[in-house]
There are 2 protein chains.
Amino acid sequence: MSPRIEKIAVVGSGAVGGYYGARLAQHGLDVHFLVRSDFDAVSQNGWKIQSLDGDFNLSPGQMHVYRTADEMPAVDLVIVALKTTSNDQFPALIGPLLAEKTAILTLQNGLGNEEQLAALFGPGRVLGGLAFTCINRIGPGQIHHMDHGLIRLGEFNGGRSPRALEIADLFNRSQIHCQVLEDLRYGRWEKLVWNVPFNGLGAALDLSTDRLIANDAGTALVSELMAEILATAKSIGVELPLELIALKIEQTRSMGPYKTSMQIDRQYRRAMEIEAIIAKPLAIARKQAVTTPLLEFLYRSLIVADK
Amino acid sequence: MSPRIEKIAVVGSGAVGGYYGARLAQHGLDVHFLVRSDFDAVSQNGWKIQSLDGDFNLSPGQMHVYRTADEMPAVDLVIVALKTTSNDQFPALIGPLLAEKTAILTLQNGLGNEEQLAALFGPGRVLGGLAFTCINRIGPGQIHHMDHGLIRLGEFNGGRSPRALEIADLFNRSQIHCQVLEDLRYGRWEKLVWNVPFNGLGAALDLSTDRLIANDAGTALVSELMAEILATAKSIGVELPLELIALKIEQTRSMGPYKTSMQIDRQYRRAMEIEAIIAKPLAIARKQAVTTPLLEFLYRSLIVADK
């Protein structure tokens, strides 16, 4: 039996880290937040969460807030919700939090995050999770959870471990719908099917999700880009059903207008997650000789549009 | 010998029509402006022109300003500077201005304008001109001429006619550098080599001219798009030199930041000139079986980004 998870660190307390961490703390878990840019607001006023699953505030007394990882205790579980453009800071931000059995769960976007964590801290510690959700930071310490919320998670090494099941249970008990994946790669690529067009094309063309699929031309462009991702996934043995394309577009249509994190990053001229979401899948497509003309053009456009 | 050109109508008095018409009036020509959206400002205060060739104001007493073509006299020369998205209004806006010998010179962007004018009013009347210039409307009746200014013009039917030479002479005497082309198509396609990347990609990615060529990735993307236009032109017998690509990029670099009309149209959610600048060249490329993947993607992106 796996050790009980009681103490949790959240590294990277933007919209995703803030929301999920606050939900866990709201339900009685011992959550330690590493908060960098919004430290003053969160340490003084806590989190203010607007959520379709119920609004709530988390006061500073219900959690622990830190400015640097060095001040933090070792924990049972580290949840990584950093922007992938900060992955070069993994050693300093995660290293101090690790005890012998500490698990690391990355909820980050795109490809390569589990591999980087495994290389630094050992593959046995690492789990990956996909957050299928619409969450925006609307101010310091203020988060708007607009739609969905499901997390699918799995072991980097594969299999349904007791540890993965325990983490999923913690989430489900904290109003976060969570499923365990036998093969994490299915979740990764399923999420990429959405992220590549809606984050990537949305940022390149500066269009919110609803505008991208407002006419037939846009729906066709999004669908073809999704098909390129499905073909790339298939080339490495991850077979996702073609029906996923229509399903993802329908789900997105039901969301209403949504600006993805990459579109917002572009509008504020902050670094975009081009590497994890676009370049890594493209590198696999090239290596596997899968023809992905739209992904190629999208990558080139984003490099030009980058700050 | 051709009849003397004394009376000139400018149809479509935005930045291009306003600037060139005001220069002609400033130098003593009898210019009649059809001004729709800015009628009140121009009829009351005239034109205020900031120009690298010298600032000047043109008072209402130095010209004629009309709200509709029906109020205007027949003229010797009609200069068409409408946005191409208004080309369906040619009969009502140009018809009333024509006497037996009236010439029509279109300074509009893209392909197909001369053909539409020729079909309506007879090919013998029609000339085309390319304005290689940076001009923005900065307010009602206010124009900023930022860089360049050359006009290349030619007969729709080809050849260096006395009429084309006379119009060029009028322009050159009015501080507008002007050259006559033996084959108008060379000018049209030369201008497209610039317009497709800088108007098209600039509008799709919402980037000004300087940002499009700020890094190697952007310069490569712009260059390849230009190469696709050169290949398309070549397929119909218009051979432009490959060196044009580096030359156009160098000229653009010297201009500094510039928002093209298509980028501005997109930002204000006005109709973009997708048809004339992007769709028409793409239709020719498809018909001639020229491979233009970037132009294809650009066209599709613009349709999605259109208002």
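The two copies meet through the same surface, because 100% of the interface residues of chain A are also interface residues in chain B. This is a predicted model, in which local features need pLDDT of at least 70 and side-chain atom pairs count only at pLDDT 80 or more, while totals for chains, interfaces and linings use all residues. Side-chain values use heavy atoms, with hydrogens and water left out, residues are numbered from 1 along each chain as its sequence is written, and chains are lettered from A and ligands numbered from 1 in the order in which they are written.

**Interface and symmetry**

- In this interface, 24 residues of chain A are in contact with 24 residues of chain B, where contact means heavy atoms within 4.5 Å.
- About 2,100 Å² is buried between chain A and chain B, with carbon and sulfur atoms giving 58% of that area; buried area is the accessible area (1.4 Å probe) that two parts lose on being put together, summed over both.
- On the chain A side, F297(A), R300(A) and V304(A) lose the most area to chain B, and together they account for 34% of what that side buries.
- Chain A is superposed on chain B by a rotation of 180 degrees with 0.0 Å of shift along its axis, at an RMSD of 0.0 Å, the fit being by least squares on the C-alpha atoms of residues with pLDDT of at least 70 in both copies.
- The two copies are thus related as by a two-fold rotation axis, and in chain A the C-alpha nearest that axis belongs to L205(A), 2.4 Å from it.

**Helix α12 of chain A and its partners**

- Helices here are DSSP runs (H or I, at least four residues) numbered from the N terminus, and their axes are lines fitted to C-alpha atoms over the stretch in contact, with angles from 0 to 180 degrees between N-to-C directions.
- The axes of α6(A) (residues 184-204) and α12(A) (residues 293-305) come within 9 Å and cross at roughly 45 degrees, and the two helices are therefore oblique to each other, a class left for angles that are not under 35 (roughly parallel), over 145 (roughly antiparallel) or 65 to 115 degrees (roughly perpendicular).
- In that pair, V196(A), G200(A), L201(A), A203(A) and A204(A) of α6(A) meet L295(A), L298(A), S301(A) and L302(A) of α12(A).
- Helix α11(A) (residues 274-287) packs with α12(A) at an angle of about 145 degrees, the axes being 10 Å apart.
- The residues of α11(A) that meet α12(A) include I278(A), L282(A) and R286(A), and those of α12(A) include L295(A), L298(A) and L302(A).

**Helices α6 and α9 of chain B**

- The axes of α6(B) (residues 184-204) and α9(B) (residues 243-255) come within 11 Å and cross at roughly 60 degrees, which makes α6(B) oblique to α9(B).
- Their contact is made by E190(B), V193(B), W194(B) and F198(B) of α6(B) with L244(B), K248(B), T252(B) and M255(B) of α9(B).
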